[in-house]
Amino acid sequence: MRYVRTAPEPVRPAPLRPKRPALRSIVTGGANLLTTAIIVLFAIRTVPHLLSWAVTHGVWNGDGAACREAGACWAFLRAKMPFILFGIYPEAERWRPILVVLILGAATLWSLPRAHWTRATLAFWAVAIVASLLLMAGGRLGLSPVPTSAWGGLPITMLLTIFSLALGFPFGIVLALARRSDMPVYRWTATALIEVMRAMPLVTLLFVASVMAPLLLPAGVTADNLTRALVAFVLSSSAYIAEVVRGGLQGVPPGQRESARALGLGRSTVLLSIILPQAIRKALAPLTSTVVVIIKNSSLVLVVGLFDLLSAGRVSLNDPAWPTPYAETYLVIALIYFVICYGFARYALHLERTTQGGEGRP
């Protein structure tokens with residue numbers, strides 16, 4: 001006689017991951033103990049000197065004379081921070097790049113919750129980008145015109161990153177799909193473009209955009225430095241994104257496509273609703289690294305004559321009225337980049353955990 005059980009199994013909580021005491025992981029084994037001792041000795045020798053330089057003997061107010069023969073010259077950063085953040089943008093109009101940073105920051109924060117991934121958010125981003133470009137460029141609505149050569153600092157970093165992702169991501173998806181296409185023309189063209197863009201350093205692309213592009217453009221056609229830099233960034237980012245997405249596409253089982261086609265779904269529906277979401281979810285970790293690299297690569301725009309955070313900080317050190325506090329300046333700039341990149345990395349980790357049922361990276 002056969003018995004069929006109809007009562008459901010009781011819901012049990014997931015087992016907790018055993019936590020290893022931190023002290024035990026530090027002192028277990030000779031290698032760990034030796035490494036811990038070296039780190040502690042290094043901290044004992046360096047931390048007091050660092051605190052003395054940064055706090056005890058640091059100069060928080062005054063001019064260049066007060067910073068000589070002293071510790072950290074934080075007064076220099078207080079005086080030069082507007083230039084580092086906004087470059088050579090006209091001082092009387094600096095409220096415009098400040099507003100641009102606030103608009104783009106608000107759009108970014110609004111887009112973080114998955115519940116806000118709607119068409120309204122996409123329209124919000126379109127309005128935010130148009131408003132940012134209008135504020136930065138001027139020439140309309142009573143705003144005085146400011147050429148792109150005068151743009152700089154944090155707005156340039158944010159605009160280049162946003163445009164590189166907004167244009168490079170869909171272009172990278174197209175390249176990834178073309179490289180996996182059954183049609184040789186599409187596959188060979190996409191492969192050639194991806195391999196060439198990945199083999200060329202971004203600095204080389206920026207040099208080509210700065211020096212060769214004006215010679216290759218038809219007579220009467222010109223492009224400013226920002227546009228040329230943006231084209232180089234989009235080509236480079238799309239090539240790297242294409243390879244990451246292609247790896248995600250390879251990780252989707254073929255049965256997903258076959259099952260969807262057997263249900264009568266069209267090719268575009270299968271691709272956009274079933275295959276691509278799974279591929280991007282699988283490639284979320286390497287995509288995070290690619291985006292972080294794109295953010296940091298924005299510091300290379302000095303090649304085409306633009307002043308981002310790093311370039312503006314480097315130029316500010318040439319003021320003869322002040323000493324040259326390289327450590328303080330680059331430390332603050334590195335902190336800004338760290339906050340941006342680390343914040344994005346933590347958000348990507350949150351997405352990975354929530355979209356993979358809690359099986360993301362620790």
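A residue counts as buried when its relative accessible area is under 20%. That cut-off serves the opening stop of this tour, which runs through a predicted model.

**Stop 1: threonine 157**

Select threonine 157, which sits in helix 7. Its relative accessible area is 2%, so threonine 157 is buried. Display its surroundings next: leaving aside residues up to four places away in sequence, threonine 157 touches Ser298, Asp308, Leu309 and Tyr337. Keep Tyr337 in mind, since this residue of helix 15 returns at the contact with helix 13.

**Stop 2: helix 6 against helix 7**

Stay with helix 7, residues 154–179, and add helix 6, residues 119–137. Two packed helices are described by the angle between their axes and the distance between the axes. For helix 6 and helix 7 the angle is about 140° and the axes are 12 Å apart. The two helices are therefore oblique to each other. Their crossing is left-handed.

Now show side chains. From helix 6, select Trp125, Ile129, Ser132, Leu133 and Met136; these meet Pro155, Leu159, Ile162 and Phe163 of helix 7. Sorted by class, this contact between helix 6 and helix 7 has eight nonpolar residues, one polar residue and no charged ones.

**Stop 3: leucine 141**

Follow the chain into the loop between helix 6 and helix 7, where leucine 141 lies. Is leucine 141 buried or exposed? Leucine 141 has a relative accessible area of 75%, and is therefore exposed. Check the backbone here as well: phi of leucine 141 is near 55°, a positive value in a residue other than glycine.

**Stop 4: aromatic pairs**

Turn to the rings. The structure holds five aromatic pairs. For one of them, select phenylalanine 76 and tryptophan 322, whose rings are 5.7 Å apart centre to centre, with 70° between the planes, an edge-to-face arrangement. This pair links distant parts of the chain: phenylalanine 76 belongs to helix 4 (residues 74–86), while tryptophan 322 is in the loop between helix 14 (309–316) and helix 15 (326–355), 246 residues apart. Both phenylalanine 76 and tryptophan 322 are buried.

Then select Trp53, Trp60 and Trp74, which ring pairs link into a cluster.

**Stop 5: valine 332**

Trp74 leads to the next selection, because valine 332 touches it... Valine 332 is found in helix 15. Not counting residues up to four places away in sequence, valine 332 touches Trp74, Leu77 and Met81. Measure from valine 332 to leucine 77 in the viewer: their C-alpha atoms are separated by 8.5 Å, with these positions 255 residues apart along the chain.

**Stop 6: helix 13 against helix 15**

Keep helix 15 selected and add helix 13. How do helix 13 and helix 15 cross, and at roughly what angle? Their axes come within 10 Å and cross at roughly 165°. Helix 13 and helix 15 are therefore roughly antiparallel to each other. The crossing is right-handed.

On the helix 13 side, the contact is made by Leu284, Ala285, Thr288, Val291, Val292, Ile295 and Lys296. On the helix 15 side, select Tyr337, Ile340, Cys341, Phe344, Ala345, Ala348, Leu351, Glu352 and Thr355. By class, the contact of helix 13 with helix 15 has 12 nonpolar, two polar and two charged residues.

**Stop 7: arginine 346**

Remain on helix 15 and select arginine 346. With a relative accessible area of 40%, arginine 346 is partly exposed. Its C-alpha atom is 9.5 Å from that of threonine 288, and the two residues are 58 apart in sequence. Thr288 is one of the helix 13 residues in the contact with helix 15.

**Stop 8: helix 10 against helix 13**

Finish by hiding helix 15 and adding helix 10, residues 225–250, to helix 13, residues 284–297. These two pack at an angle of about 165°, with their axes 10 Å apart. That makes helix 10 roughly antiparallel to helix 13. The crossing of helix 10 and helix 13 is right-handed.

For the side chains, select Phe233, Ser237, Tyr240, Ile241 and Val244 of helix 10, together with Pro286, Leu287, Thr290, Ile294 and Asn297 of helix 13. These residues of the contact between helix 10 and helix 13 divide into seven nonpolar, three polar and no charged.

Terms used. Residues are numbered from 1 along each chain as its sequence is written. This is a predicted model: local features need pLDDT of at least 70, side-chain atom pairs count only at pLDDT 80 or more; totals for chains, interfaces and linings use all residues. Side-chain values use heavy atoms; hydrogens and water are left out. Axes are lines fitted to C-alpha atoms, for helices over the stretch in contact, and angles run from 0 to 180 degrees between N-to-C directions. Helices (H or I, at least four residues) and strands (E, at least two) are DSSP runs, numbered from the N terminus. Angles under 35 degrees count as roughly parallel, over 145 as roughly antiparallel, 65 to 115 as roughly perpendicular and the rest as oblique. A crossing is left-handed if the near helix is turned anticlockwise from the far one by less than a right angle, and right-handed if clockwise. Contact means heavy atoms within 4.5 Å. Ala, Val, Leu, Ile, Met, Phe, Trp, Tyr, Cys and Pro count as nonpolar, Asp, Glu, Lys and Arg as charged, and the others, Gly among them, as polar. Rings of Phe, Tyr and Trp (its six-membered ring) pair if their centres lie within 6.5 Å; planes under 30 degrees apart count as stacked, over 60 as edge-to-face and the rest as tilted. Buried means under 20% relative accessible area, exposed over 50%, partly exposed in between (1.4 Å probe, protein chains only).
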